[in-house]
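Work through the exercises below with the sequence and the structure open beside you. Try each task before reading its solution.

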Amino acid sequence: MAAADAMLEADQKRAAASLERLTGDVKHTRDSLRQLEHGIYPPLLRDQGLVPALRAPTATSVVPVEVLANSVGRYAAEIEAAVYFACLEVLRSANGNSCVSVTGGDKALEFAVTAPGSADGSVQAIEDRVEALGGSLERSGSGIAGLIPVRAAV
């Protein structure tokens, strides 16, 4: 019996040590992901919001892009990021005058991108991101229109 107790105690110590190492690994991974996010997530989007973040890259676009905004405030970071990256992805392959329209509200954030010649290949990724937030996305021949429900403004 003493031998069994000794084995059980040794296993508990090994399990505790493994759990402690695993906890450290998880914390390290979480910290690495946060650092990566800060490198990817545009500072202008984080600091000033969706409309200024959309206007910055479109102002220097080779293809003229108009950004229209109506009642757009601040929203949760994941909502702003979804709209921002969705709009830029569609504009990336535009070959003619384009327009981004964003309309805010208490219940939803709506956006539309009209971009002639925009590729349809990456729309599935955009749709997945929008739907993960409870929203919807409609495709058209020259762009997309989406709606994401919003929680209380940040």
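**Exercise 1. Contacts along the chain**

Of the contacts in the protein with a separation of 6 or more, what percentage is accounted for by residues 24 or more positions apart?

Solution. The model is a predicted one. Take the contacts with a separation of 6 or more; residues 24 or more positions apart account for 65% of them.

**Exercise 2. Secondary structure and surface**

List the helices and strands in the order of the sequence, then state how much of the protein is buried.

Solution.
Step 1. Count the elements: there are 5 helices and 5 strands.
Step 2. Read them along the sequence, which gives the pattern α-α-α-β-α-β-β-α-β-β.
Step 3. Turn to burial: of the 154 residues, 31% are buried.
Step 4. Add the surface: the accessible area is about 9,400 Å², and carbon and sulfur atoms hold 56% of that area.

**Exercise 3. The sheet**

Give the order of the strands in the sheet and identify the edge strands.

Solution.
Step 1. The 5 strands form an open sheet with the order E1-E2-E3-E5-E4 and mixed pairing.
Step 2. The edge strands are E1 and E4 (136-140), each of which pairs on one side only.
Step 3. From one strand to the next, the twist averages 10°.
Step 4. Look at one pair: E4 and E5 are antiparallel and share 5 bridges. In this part of the sheet, Arg 139 has Ile 144 in E5 as its bridge partner.

**Exercise 4. Helices on the sheet**

Which strands does H3 lie across, and which does H5 lie across?

Solution.
Step 1. H3 lies across E1, E2 and E3, and its angle to E1 is about 170°.
Step 2. H5 lies across E3, E4 and E5, and its angle to E4 is about 155°.

**Exercise 5. The nonpolar core**

Describe the largest nonpolar core and name the elements that build it.

Solution.
Step 1. The largest nonpolar core contains 32 residues. Those with the most contacts inside it are Leu 50, Leu 54, Val 100, Leu 109, Phe 111, Val 113 and Ile 144.
Step 2. Two or more residues each come from the helices H3 (50-59), H4 (77-92) and H5 (123-132), and from the strands E1 (65-70), E2 (98-103), E3 (108-114) and E5 (143-149).
Step 3. H4 gives the largest share, 9 residues.
Step 4. Now examine Val 113. Leaving aside neighbours within four places in sequence, Val 113 is in contact with Cys 87, Val 90, Leu 91, Cys 99, Val 100, Ser 142, Gly 143 and Ile 144.

**Exercise 6. Val 123**

Is Val 123 buried or exposed, and what does Val 123 touch beyond its neighbours up to four places away in sequence?

Solution.
Step 1. Locate the residue: Val 123 is in helix H5.
Step 2. The relative accessible area of Val 123 is 4%. The cut-off for buried is under 20%, so Val 123 counts as buried.
Step 3. Apart from residues up to four places away in sequence, Val 123 touches Leu 137, Arg 139 and Ile 144.
Step 4. For a distance in space, take Val 123 and Gly 143: they are 20 residues apart in sequence, and their C-alpha atoms are 9.3 Å apart.

**Exercise 7. Salt bridges**

How many salt bridges does the count come to? Go through three of the pairs and class each residue as buried, partly exposed or exposed.

Solution.
Step 1. The count comes to 4 salt bridges.
Step 2. One of them joins the side chains of Asp 47 and Arg 46, with 3.3 Å from N to O. Asp 47 is exposed because its relative accessible area is 52% and the cut-off is over 50%. Arg 46, at 36%, is partly exposed.
Step 3. Another joins Arg 92 and Glu 89, whose closest N and O atoms are 2.6 Å apart. Both residues lie in helix H4, 3 residues apart, or about one turn of the helix. Arg 92 is exposed at 62%, while Glu 89 is partly exposed at 23%.
Step 4. A further salt bridge joins the side chains of Glu 127 and Arg 139, at 2.7 Å from N to O. This pair links distant parts of the chain, with Glu 127 in helix H5 and Arg 139 in strand E4, 12 residues apart. Glu 127 is buried, with a relative accessible area of 15%, whereas Arg 139 is partly exposed at 40%.

Note on methods: Residues numbered from 1 in each chain as written. Predicted model: local features only at pLDDT ≥ 70, side-chain atom pairs only at ≥ 80, totals over all residues. Heavy atoms only, no water. Core = buried A, V, L, I, M, F, W, Y, C linked by side-chain atoms within 4.5 Å. Buried < 20%, exposed > 50% of the residue type's maximum accessible area, 1.4 Å probe, protein only. Helix = DSSP H or I, 4+ residues; strand = E, 2+ residues; numbered from the N terminus. Contact = heavy atoms within 4.5 Å. Areas by Shrake-Rupley, 256 points an atom, 1.4 Å probe, with all protein chains shown as cover. Pairing = 2+ DSSP bridges. Axes fitted to C-alpha atoms, helices over the stretch in contact; angles between N-to-C directions.
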